[in-house]
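Trainee: Could you take me through one part of this model up close? I'd like to see how two neighbouring pieces of a chain meet, and then hear about any odd backbone spots elsewhere.

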Amino acid sequence: MKEVMVRPERCMGCRSCEIACAVEHSESKDLFAAVMEKPTPQKRIYVEYVPEYNAAIPMTCRHCEEAPCTTVCPTKALKQDEITRVVTHNSDLCIGCWTCSMVCNYGVIGRQKEARVAVKCNLCPNRDIPACVEACPTNALVFIEVKKLAGVKRTEAALKLARGMQGKAL
Amino acid sequence: MTQNAQDRSIDPATRIMLKQAEKEGIETAWDRYEKQQPQCSFGQLGICCRNCNMGPCRIDPFGEGADKGVCGATADIIVARNLLRTIAAGAAAHSDHARDAVLTFKKMSEGKAGSYCIKDEAKLIALASEYGIPVEDRSREEIASELARALLEEFGKQEGPIRFTQRAPEARLKLWAELGIEPRGIDREIVECMHRTHMGVDNDATHILLHGLRTSLSDGWGGSMIATDVQDVLFGTPEPKKTTVNLGVLTRDKVNVIVHGHEPILSEMIVEAAEAPELLALAKEKGAEGINVAGICCTGNETLMRHGTPIAGTFLQQELAVITGAVEAMVVDVQCVMPALGALTGCYHTKFISTSPKADFPGTVRMEFHEENACETAKEIVRTAVENFPNRDPGKVRIPEEKQECMVGFSVEAILKALGGTPAPLIDAITGGAVKGIGAVVGCNNVKVKHNYGHVNLVKELIKNNVLVVTTGCNAIACAEAGLLMPEAAAQAGDGLKGICEALGIPPVLHMGSCVDISRILVLASAVAKTLGVDISDLPAAGAAPEWMSEKAVSIGAYVVSSGVYTVLGTVPQVLGSAAVAGLLTEGLNGVVGASFAVEPDPFKAADLMLAHIEEKRKALGLEP
Amino acid sequence: MEEKNPQPTICPYCSLGCGFYLKLEAGKAAGIRYMPEHPVNEGSLCPKGNTVLEVLNHPDRLKYPLKKTETGWERIEWEEALDLAAAKLKGSLEEYGPDSLAFLGSAKCSNEENYIFQKIARLLGTNNVDNCARLCHASTLTGLGKTLGTGAMTNPISDLACSECIFVIGSNFAENHPAVSRRVLEAKEKGAFVIVADPRMTPTSWLADLSLRLVPGTDVALLNGMMHVIVSEGLVDREFARERTKGFAELENVLQRYDPETVSRITGIPSAEIIKAARAYARAGTAAIVYSMGITQHISGTDNVTACADLALICGHIGKKGAGILPLRGQNNVQGACDMGALSEFFPGYGKVGDPEAAGRMQALWGAKKLPESPGLTATEIVGAAGKGKIKTLYVMGEDLVNSHPDSSRVKQALENLDFLVVQDIFMNDTAEYADLVLPAASFAEKEGSFTSTERRVQWLEPALMPPGEARADLEILFRLAEKLGLDFPYRDAGEVLEEISAAVPAYGGIAKERLKKDFGLIWPCPDAGHTGTPVLHTDSFMTPDGLARLVPVEHRSPAETPGPDYPFLLTTGRTVLHYNAGSMSRRCKSLLKREAELYVEIHPADARTMEIREGNKLVLESRRGSTKATARLTERVSPGVLFLPFHFPGTNVLTADALDREAKIPEFKVSACRIRRG
Amino acid sequence: MPKAVYADLSRCIACHACELACERENENSRISLQVVRDLAAVPVSCRQCETPLCAVVCPGEALNYGDSGLEYDSEKCTGCRLCVLACPFGTAELRAGVMERCDLCQGKETPACVATCPAGALFCAEAESIGGNIRARRAERIKKALASPASAGRRVNR
Amino acid sequence: MKESTRMLVPEEEKCIGCRACTSACPEKLITFSEEGNMRSISFPANCGTGCELCELCELCALACPENAISFIFPEGESENVEKQTLDFELVSCQKCGTPFATIRELEKVRTAISEKVPLPPKGDFWVELCPGCRQEVFRERQAEALIRERTV
């Protein structure tokens, strides 16, 4: 299963992912129209600023295995697909008890103000690539299988190493 | 997902060259646009501010994050400030162009620019009269010299409105005065923009925008208008003539010199130099049949209007011209010249020659141009091009067949002449309903819109509905490429317009010049309004910029609307991050200047908006629907 | 009494010194308000602190002096009671000499009370004065004393928040000092690595990044094993070891034998985890050791503490913020009681008994002719001596020996053997049942005085309430007793006693009542009036004569009693979060009893299965010393073969042995052998 | 926006202080803590749901969802116990004939259970702020992990 | 003189057995008892002249969530009404087996909830658990992830 993987070292904190997410989850799916919409479209990815490092990290639902949010949800508003592991939220069933928010290790369950229900990443079911990933100008977000990410990182590390060796040889 | 050539342009020549570019692995503006995707949403909405070093700041458009910048500026303030800076840049571009024209004019009058002379004496006398300069018993040079000084003073004028605003109808002048937006010295307004948008100065969106209107007026009724008129005096007021456009104007057997940018001052000389016998002889020597000068963008429009020099293309075709492999020299002055040309010309034998003291680019051959030795520099440039001819790789040459004949040169004077010396026949046609109104369609190309799609379709819709279209800039070139600038295009017009065009032998779309020549449209509109005894905002007229992209276009839009003309924009300006500013521009301004903006990317819907507006104005004037 | 409502006060339970306010209504404690501004607990309170009103307002509070008669307890007047006590003390003194007297001070009473208490004893001519520190942290005094020069916590608790590694060994602070958790969690938030070594899996282990479940009584082996790794991997802070310590070579020599594999066999901890713990502790920029009675209550208690000090010293993790050794003490004033010299071998300020110079100083200060020269009997020894009839009269101030000393049956015998027993307390505890005279004392909220918390923070407690009935502050009782004994004490109140303390105890030199009332007290050493206190000890030099710390090698020794065929289970004892020590206060709180009503024994489900024991079964536990009943609680908190009993209920210490650490004389509460059967 | 008492379970040390504080303030404890399988402790109290099912079933309008969240008027409670049967968390209770629920210690700045929590595990917050705090902490941890790969040898003492 | 002609009449079809009336009655004349999986609610006998001292305060009727109690004039002559007892079957908790609510109570709760939150009719559903077990299940589920982490 492909996941939204984060490469924090590449994040410049531009928040493009946040906006793309909100737009994708708006009525119109168009930036210029979305900013005028009521209820205001809400993002499900959060660029978190870490003051200590003066750096930003995009945080979004990890779709954890045996996701705690789904286990604690009394009404099964939060459900996990057994095969794809995608955790989805059915706002009709949500009673706003926020236990999901409490047990979420990543703090990525938000609250829809008007309906007073949870909002979270659904991996953009209508798209091949989630909007946040597509919006990322630096590829800090990638939509990839975990295995493959390791491959990508390996290649990058090997390249770095090779460059370093070359540098030394010179 | 990469677009194919079909998605990128409606123009066959352009499509051919785009495929060629793809084949050769050459990157164009369209490719770079794709690499820019997705573009920054904060930028698109105009809600990032870099005006001080506490920033950059940005506002969360969905209200969850920051709602104010560090200084406390809200989205409204940030959007308004950004817009004002954009207007300032646009107004500066036109006006600085004008300043150079006036300086050339002045040097000419002082005998310091021997290559230039007065081509339109009547216009000189008329302008001098407007400025109250005595003309009796004075040499043309004396008059010119005094006029030049008077015009120069408009830039630095500290008090009172600039002179050409007097050309506007009485009611409009009064309205501006009441709003406190009569433009003062051009430089002053622009400087004030920069001052107001500095950290901690003007922080009321409406207040900021009003100054935006004022600054734009100093462009439309100042900078742009001065540029047009001085250039007419120096190089002649355009008259109708036929010529050809599109990439097909480049020739396989001649030395091709492209003049690109926005000023006529050098290009006039180059056109002349290309006819110099010694250079033609040199060309022969180098194996060329002759020397072919062609234009791109508004430099092209200037020589086209006055000399019928062919045009190779619009803004978005500048790279494609080089890709033909047949261009010996790409000679540029200022504005709308892509820095990408440097790397691009490096892939071909083309010499990229920058000439303006103000504008240099990577990869250029620098041949700085000064009025004092204009002719020599021009010849040197052409010589460089000719000598470059043998470097052309015939195997690489790929010139599309497509070129289109067109009729151009419709200055206000030329239009009046065509009408028999007075606007009356046109007014009669309008009041009689044969012509519903006037559509002014102008502006650039923008990769966000399929090349020429917005321009051509909008114009076609307008003429189909009996709206006479006046055009300038890249819209004019687009229309020319689509064959709309031919009298035969009247066949595509509604019956009323068709009849008039056929009677007068003019096309239904009148090319009025370069982008500074939008001032001609203002003059024309004023003339019609004055004849009817109404304000410009009462006229059955509407403006549009279907594919606009530059900051100049924002200034133009602002002065056109401030002058009372409803204007439809085809690409979304970077203001939607503030509902207040967006609302003011699209609604609020109606109550202020009697006109407003609309945003409509679809050219057909845009035409509907314009037609509806024209209908409404006709109704208000009590005219037949 | 100053009128303040709510009245700031200090929690009377553990040694953290948490602050809170008492809300008063019509002279009664009617509520609690939290004190977020307090530097130790930041407003928080553990369950016991939360229920302190139930203690204060309890109907069982002693209200009158009581004399035991043949028909039972008889209420008597204070005059009569004090005359009786004085007469008995004098009688015993005259008849059997001063060493027939013994005094047990209280780690629950103020510094002033303990100071006066030991002064009375010593002026009467005996060093037989001690306090319950003997049962909890005596080995801290001996172990840290010989290595660092002083047996106290080196850093304040709040320092833990800036540690990069926290090594917890033999401490279940999550239950016993809950407010420490917030500092450990704060450090964890910042990325600290937490190691918890404990035979049981406790809520403290939940906070661990690495949890080491060692066999009870193998702490020295574990600590030596970690040091072995640190030495062999070159992680020693060589500069620190060279500049500030002595004895590295000898230590290195002993450590050679403690390779991870060997240690793994002794402790039952996988060698990889020992290595991991060693590296984490040594590599951290700042690392702290937190320990409690899991370290001290062994026959090797002093060695355990010594090994902790050695570990910190070779890594240089001492003398700076975020580092140090933090023995979490037991009672609210156990540190103070020791500082005040309520110890058989120390005068106030840790002047050694037997050191003529120390004795001379006290003699001069007290205007005494002569003070006894040889060290007295420790608390544990006093019980033994009483059993043998050597002690005739025992004065117990605020302690329940019966439930807190090991081998309760023997303690009861000893008490019965006494000629005269005075118990001064707030409740009729199990020890008081053996008394001849019971004196009703005021509780913490009803008196004034200074208390020294585990982090050496001396705080001033102001009275909020009047004592019930005729109960009186311990200090007042002692003043009057001294008068009856013919001792001429000039003091009128605690403040004046504190003035003398500041002269007697160098570390308290600058401590005075008015200063303590501001800013949550002072952290000693505070040698003079201008000094603002010393949160971190040993920053520049250690409190040894030459200023250098001593690295003292120690060897692993097996506990005094190990499980065998007759007694197959290893019994360990400890505390739970809902009760406190002998339970005389917490077992009087209904709300706590509701949640934890009776003695239970933790047994591993595997052991329970073999013995067909189910949750809730009544079990009989037997050791070589006696038997007790407890309810079975099946849990994996204990390892197979190990039983755990909380010591808050009568019965636990019937089983424990009085095997003592040679130096500290602390009993080995943490290990004894026992067997069980269904009851 | 309504607040509720939440717990950072990773901090809870099972000390029961919350229960005892609540019991002191409210006679009965409205929060209940239990240890699960010796490995984790979970305090449970009214979740202050934003679509409260107790209010959905309440026939007498004693329970209502209003501007300040779940509002309860014990005067209107008839003791029908339907709320108890509707609550998914088993936290609604009937005492002395009427429903009793956590009112976050109305009138106090902080609910007693939160103020007393020695481990700082309990917190009283608006639902929207929970995620933010967790995110901030998690992000910091990730960044820290990236910034300092395990070093070999001694670290320089700061 | 007491207005004694009206009488308390419970309607068996409407009553869900919730016991609100039992706690509402100031005289404690309405009582309930539970045995096995049955709950019985007993309403007072009424002879028409107040033999069981019903004050006709109607608090029970006000408390009733189902409007199942009315006070009406008997038809014809005032007749003696025997003590009435309504019996309700109790549902046992799916987890611990303790009977905890009447079938009708749970039906009522389920219907009311479903109007707001469209829940599945059966299955993994808290309504079938007694409140104590709900709390336990909820607690265990919350602890699950943490326990997983701590067991590693």
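**Domains of chain B and a few backbone oddities**

Mentor: Sure, and keep in mind that this is a predicted model. Chain B is assigned domain 1 (75-235), domain 2 (247-396) and domain 3 (410-621). Let's zoom in on where domain 1 of chain B meets domain 2 of chain B. Their C-alpha centres sit 30 Å apart. To the contact, domain 1 of chain B brings 12 residues and domain 2 of chain B brings 13 residues.

So what does the domain 1 side look like? Two elements each give two or more residues to the side of domain 1 of chain B that touches domain 2 of chain B: helix H5 (75-109) and helix H10 (205-235) of chain B. The top contributor to that side is H5(B), with six residues. As for chemistry, the residues on the side of domain 1 of chain B that touches domain 2 of chain B split into five nonpolar, four polar and three charged.

Now for the backbone, starting with cis peptides in chain C. One cis peptide bond links Asn5(C) to Pro6(C), with omega about 0 degrees. You'll find Pro6(C) in the segment before strand S1 (7-10) of chain C. Another cis peptide bond links Trp524(C) to Pro525(C), again with omega about 0 degrees. Here Pro525(C) sits in the loop between strand S19 (522-523) and strand S20 (549-550) of chain C.

Then there's phi. Lys76(A) has a phi near 60 degrees, a positive value in a residue other than glycine. To find Lys76(A), look in the loop between helix H3 (68-72) and strand S4 (78-80) of chain A. Is Lys76(A) buried or exposed? Neither label quite fits: Lys76(A) counts as partly exposed because it has 14 C-beta neighbours inside 10 Å, and the partly exposed class lies between 12 or fewer for exposed and 20 or more for buried.

Over in chain C, Glu42(C) is not a glycine either, yet its phi is positive, at about 50 degrees. Glu42(C) belongs to the loop between strand S3 (28-34) and helix H1 (47-50) of chain C. With 19 other C-beta atoms within 10 Å, Glu42(C) is partly exposed too. Why isn't Glu42(C) called buried? Because buried takes 20 or more other C-beta atoms within 10 Å, and Glu42(C) has 19.

Key. Residues are numbered from 1 along each chain as its sequence is written. Chains are lettered from A and ligands numbered from 1 in the order in which they are written. This is a predicted model: local features need pLDDT of at least 70, side-chain atom pairs count only at pLDDT 80 or more; totals for chains, interfaces and linings use all residues. Domain bounds come from an automatic or database domain assignment. Two residues are in contact if their C-beta atoms, placed from the backbone, lie within 7 Å. Helices (H or I, at least four residues) and strands (E, at least two) are DSSP runs, numbered from the N terminus. Ala, Val, Leu, Ile, Met, Phe, Trp, Tyr, Cys and Pro count as nonpolar, Asp, Glu, Lys and Arg as charged, and the others, Gly among them, as polar.
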